[in-house]
Amino acid sequence: AEPWQPVSFHEMLKELVDNGVDDASMDTLAKHFQPRHFDAGETIFAEGDEGNFFAIIEQGAAESGPPVFIRFGAGSSVGDLDYSLGRTRRFSMTAGSSGAKLQVFERSAQTATNKELVMKLLLRSMALTTTLAFDMPH
């Protein structure tokens, strides 16, 4: 089997389009993501923060803090589980040693019209992140 390869933000959105989502709906959803750059070591979110956004790493990496230590690379999503469950952050996340460019989706951008697409994207990104965690060498 091929090892898991990270996918870019645009490839993840294209995958949804290939699953029967029309281009106009996908373009509308993509416009709700905002690029944001974090310097090396900068906090993306802290334990206890509201889970009011999730993000897809477009470039660079992010690293989770206690109690879980995982490095997430380009194509991975961060904050997706807490966002989905509407709960506060269970751990912190910082930008990796070279910083990180994220595509950020704020809860305030979610509407009744795009909710289904957002949930599909979250499920896809969480599945990829889970695959990454299980493909890591022990």
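This is a short talk on strand 3 and the aromatic rings of a predicted model.

Okay, hi everyone. Some ground rules to begin with. The model is predicted, so local features need pLDDT of at least 70 and side-chain atom pairs count only at pLDDT 80 or more, while totals for chains, interfaces and linings use all residues. Residues are numbered from 1 along each chain as its sequence is written, and side-chain values use heavy atoms, with hydrogens and water left out.

Right, the overview. We've got four helices and six strands; those are DSSP runs, numbered from the N terminus, with helices being H or I of at least four residues and strands being E of at least two. Starting at the N terminus, the order goes α-α-β-β-β-β-β-α-β-α. There are 138 residues in the chain, and 38% of them count as buried. Buried is under 20% relative accessible area, exposed is over 50%, and partly exposed is in between, using a 1.4 Å probe and protein chains only.

Now for strand 3. Which strands does strand 3 join through bridges? Let's go one by one; by the way, two strands pair if DSSP finds at least two bridges between them. With strand 6, residues 93–106, strand 3 shares 10 bridges, and the two run antiparallel. One example there is Gly-60, whose bridge partner is Ala-100. Strand 5, residues 77–78, is also antiparallel to strand 3, with two bridges, and Val-78 in strand 5 sits opposite Ala-55. Then strand 4, residues 71–72: two bridges again, antiparallel again. Here Glu-63 faces Arg-71. Strands 3 and 4 make a hairpin, with six residues between them.

Let's zoom in on Ser-64, which is in strand 3, residues 53–64. Is Ser-64 buried or exposed? Buried, because its relative accessible area is 6%. Its side chain reaches the backbone nitrogen of Ile-70 at 2.7 Å. Leaving out residues up to four places away in sequence, Ser-64 touches Phe-69, Ile-70, Phe-72, Phe-91, Ser-92 and Met-93, where contact means heavy atoms within 4.5 Å.

Okay, rings! A pair of aromatic rings is described by the distance of the centres and the angle of the planes. Rings of Phe, Tyr and Trp (its six-membered ring) pair if their centres lie within 6.5 Å; planes under 30 degrees apart are stacked, over 60 edge-to-face, and the rest tilted. The search of the whole structure turns up seven aromatic pairs. One of them is Phe-33 with Phe-105, a tilted pair at 5.1 Å centre to centre with 50° between the planes. Phe-33 is in strand 1, residues 33–38, and Phe-105 is in strand 6, so this pair ties together parts 72 residues apart in sequence. Phe-33 counts as buried at 4% relative accessibility, and Phe-105 is buried at 0%.

Next, Phe-54 and Tyr-83: their ring centres are 5.0 Å apart and the planes are at 65°, so that pair is edge-to-face. Phe-54 belongs to strand 3 and Tyr-83 to helix 3, residues 80–85, so parts 29 residues apart in sequence get tied together. Phe-54 is buried at 0%, and Tyr-83 is buried at 1%. Ring pairs link Phe-33, Phe-54, Tyr-83 and Phe-105 into a cluster.

Last bit: Arg-107 lies over the face of Tyr-83, 4.1 Å from the ring centre. For a charge to sit over a ring, NZ of Lys or CZ of Arg has to be within 6 Å of the ring centre and within 35 degrees of the ring normal. That's me done, thanks!

Conventions. A polar contact is a pair of N or O atoms within 3.5 Å; within protein, one must be able to donate a hydrogen and the other to accept it, and residues adjacent in sequence count only if both atoms are side-chain atoms.
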